[in-house]
Protein chains: 2
Amino acid sequence: MANNLGVSIDRSSPVPLYHQVVQGIEAAINSGILEPGSRLDNEIDLAAQLSLSRPTMRKAMDELVRSGLLVRKRGVGTQVVSSQVRRPLELSSLYDDLTNNGKKPTTDVLGFSHIEADERTLATLALPAGSTVYHFTRLRKVAGKPLALMENWVRDDIVPMDQDLLAAEGLYAILRSGGVNFRLANQRIGAMIATDYQAGLLETLPASALVTMERTAVDDTGRRVETGHHVYRADSYSFEMTLVQR
Amino acid sequence: MANNLGVSIDRSSPVPLYHQVVQGIEAAINSGILEPGSRLDNEIDLAAQLSLSRPTMRKAMDELVRSGLLVRKRGVGTQVVSSQVRRPLELSSLYDDLTNNGKKPTTDVLGFSHIEADERTLATLALPAGSTVYHFTRLRKVAGKPLALMENWVRDDIVPMDQDLLAAEGLYAILRSGGVNFRLANQRIGAMIATDYQAGLLETLPASALVTMERTAVDDTGRRVETGHHVYRADSYSFEMTLVQR
DNA sequence: TATGTTCTCTTGATAGGACATACTAGGTGG
DNA sequence: CCACCTAGTATGTCCTATCAAGAGAACATA
């Protein structure tokens with residue numbers, strides 16, 4: 001190979017060069033070719049090894065620094081930080097998270113309705129008074145064990161939905177196929193004591209601890225597409241993240 | 001002014017140009033000069049207005065997109081998303097968070113010891129067997145109301161610490177003044193039921209809900225400097241964040 | 001009128017150069 | 001032997017330049 005990282009670049013690929021480099025270095029770290037703590041060659045040499053310009057190489061390394069895999073020190077060099085398991089905390093549904101981890105979640109749709117939005121939902125989704133929304137409650141199980149109870153409100157002027165579709169496809173997949181491009185989401189994570197209703201569905205002891213998450217997702221046109229209130233069994237779920245100091 | 005954003009650039013400043021632009025646009029958004037939803041001029045014009053090159057302008061806008069203030073669409077343009085209150089979720093202590101929000105927290109140091117690290121701490125901080133660490137428990141109050149109970153373990157080979165210093169200064173301030181440059185932190189957020197001990201200190205009902213956070217911070221030399229287990233009153237604290245889809 | 005093509009505007013990607021600045025290490029002088 | 005200074009090296013910043021790709025509007029054609 002043309003370098004000492006096991007990274008190869010395909011210039012005919014539609015994948016941007018800098019992203020190919022990101023994937024390559026990630027793979028090298030995960031496979032152990034690059035050990036945690038080891039120093040990389042300097043940016044100019046790396047660029048030369050892959051026949052890239054330094055800005056392209058730097059852009060790739062920028063992303064890796066941002067995601068916490070590499071650290072840079074001016075005048076010294078760049079080194080690998082850690083190959084610990086990270087949950088990257090991207091904009092995706094729990095369904096995506098779990099399927100990416102190899103588990104196979106199932107979803108029961110406990111209720112589905114097409115209703116007039118209440119005050120709070122109108123405000124959260126920035127809808128005019130009198131608007132109608134889809135409202136539904138789902139129970140997510142992994143390996144037969146209940147994990148999450150999810151209540152969502154979704155705009156009804158984007159894609160038509162019904163209970164069967166929702167049970168089969170997953171909310172975000174439906175919305176994406178309806179032409180929605182998500183851009184960002186605001187989340188709030190907290191805790192609460194399970195109500196009897198929640199404890200029953202999640203098959204936990206009454207008054208056990210739950211992780212709560214409220215999320216509102218915005219698409220590329222600025223619409224607030226969806227808002228949800230999810231609760232997770234605290235003994236089975238937590239949010240992991242890596243914070244990077246700029 | 002030389003542009004329509006109220007942004008001015010000082011080329012003699014040590015602050016990088018792209019960062020001056022970031023601060024300028026942030027200020028324009030917060031002050032209302034740039035309204036949520038409004039479209040900015042295209043990158044080339046903006047760069048010309050400020051007498052900057054397009055890559056510099058782009059780098060500034062990259063940061064703003066990353067932080068969720070702007071959204072870009074190829075072929076269309078760039079627009080302001082929202083000026084909602086955001087908790088930027090940076091690498092900082094709760095003390096910083098709260099002082100930045102104008103409140104004045106107080107800290108009681110409930111216990112302070114210099115002990116041999118247990119198995120779990122040795123593993124978390126990547127220390128050799130037999131190492132000693134500082135261990136302490138603090139209670140954080142805001143406006144006299146208990147908010148957080150924090151238990152921390154800190155390497156003792158960086159900066160000497162004692163109970164008085166800790167009560168006066170805040171953990172991260174002490175470590176920073178000891179020459180520690182934090183680079184990243186791994187966090188895990190979950191929930192639990194308060195023990196009687198916790199409920200008593202936090203002045204909540206027994207068996208109420210708490211938000212838990214475990215954090216391990218790494219400095220620029222790759223050392224795991226500090227690990228902590230914090231619990232917050234769920235009725236007073238939650239974690240807010242904005243996720244940006246790349 | 002409706003549909004398909006093209007043109008233009010905007011962001012996205014890549015290249016290559018130049019200079020600035022921080023850190024390290026080694027050499028030099030006291 | 002120690003402290004200071006300096007050269008080397010690596011990242012940080014900024015520039016000019018060019019092509020690609022997506023989106024939307026305008027226009028031509030059936």
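A polar contact is a pair of N or O atoms within 3.5 Å. By that criterion, B:L17 touches DNA strand D through its backbone: a polar backbone atom of B:L17 is 2.4 Å from a phosphate oxygen of the strand. The model is predicted. The description below takes the two DNA strands in turn, then the contact between the protein chains.

DNA strand D has 22 residues around it. Those that come nearest are A:E43, A:R58, B:R11, B:L17 and B:T56. Both protein chains are thus represented in this group. On the DNA side, sugar and phosphate make up 74% of the strand D atoms that come within 4 Å of the protein. A:N42 provides a contact to the backbone of the strand, with a polar side-chain atom 3.1 Å from a phosphate oxygen of DNA strand D. A:R54 reaches a base instead. An N or O atom in the side chain of A:R54 lies 2.9 Å from a base nitrogen of DNA strand D.

A:R54 also has a partner within its own chain. A:R54 and A:E43 form a salt bridge, with their closest N and O atoms 2.9 Å apart. A:E43 belongs to helix α2 (residues 43-49) of chain A and A:R54 to helix α3 of chain A, so the salt bridge ties together parts that are 11 residues apart in sequence. A:E43 is itself among the residues that come nearest to DNA strand D. Over all chains, the structure holds 16 salt bridges.

Several elements supply at least two residues each to the surface near DNA strand D. From chain A these are α3, β1 (70-73) and β2 (77-80). From chain B they are α1 (17-31) and α3. The largest share, 3 residues, comes from α3(B). By class, the surface near DNA strand D has 6 nonpolar, 7 polar and 9 charged residues.

DNA strand C has 23 residues around it. A:R11, A:L17, A:Y18, A:T56 and B:R58 come nearest. Sugar and phosphate account for 74% of the strand C atoms within 4 Å of the protein. Three side chains illustrate contacts to phosphate. A:R11 places an N or O atom of its side chain 2.6 Å from a phosphate oxygen of DNA strand C. For A:T56, the corresponding distance from a side-chain N or O atom to a phosphate oxygen of the strand is 2.7 Å. Chain B contributes through B:N42, which has a polar side-chain atom 3.1 Å from a phosphate oxygen of DNA strand C.

The surface near DNA strand C also draws on both chains. In chain A, α1 (17-31) and α3 (54-66) each supply at least two residues. In chain B, α3 (54-66), β1 (70-73) and β2 (77-80) each do so. The element that gives the most is α3(A), with 4 residues. The residues of this surface divide into 6 nonpolar, 7 polar and 10 charged.

The two protein chains superpose with an RMSD of 0.3 Å. The operation that places chain B on chain A is a rotation of 180 degrees, with 0.1 Å of shift along its axis. The two copies are therefore related as by a two-fold rotation axis. The same surface serves both copies, and 100% of the contact residues of chain B recur in chain A.

At the interface, 43 residues of chain B are in contact with 43 residues of chain A. The two chains bury about 4100 Å² between them. Carbon and sulfur atoms account for 50% of that area. On the chain B side, B:R183, B:L243 and B:Q245 lose the most area to chain A. Together they make up 17% of what that side buries.

Across this interface there are 2 salt bridges. One of them joins the side chains of A:R188 and B:E240, at 3.1 Å from N to O. There are also 8 residue pairs in polar contact, with both residues at pLDDT 80 or more. The side of chain B that touches chain A takes at least two residues from each of α3, β1, β6 (182-193), β7 (209-219) and β9 (239-244). Of these, β6(B) gives the most, with 12 residues. The side of chain B that touches chain A has 20 nonpolar, 11 polar and 12 charged residues.

How values were computed
Residues numbered from 1 in each chain as written. Chains lettered and ligands numbered in written order. Predicted model: local features only at pLDDT ≥ 70, side-chain atom pairs only at ≥ 80, totals over all residues. Heavy atoms only, no water. Near = heavy atom within 4 Å. Polar contact = N/O pair within 3.5 Å; in protein donor to acceptor, adjacent residues only side chain to side chain. Nonpolar A, V, L, I, M, F, W, Y, C, P; charged D, E, K, R; others polar. Least-squares fit on C-alpha atoms with pLDDT ≥ 70 in both. Contact = heavy atoms within 4.5 Å. Buried area = accessible area lost by both parts, 1.4 Å probe. Salt bridge = Lys/Arg side-chain N within 4 Å of Asp/Glu carboxyl O.
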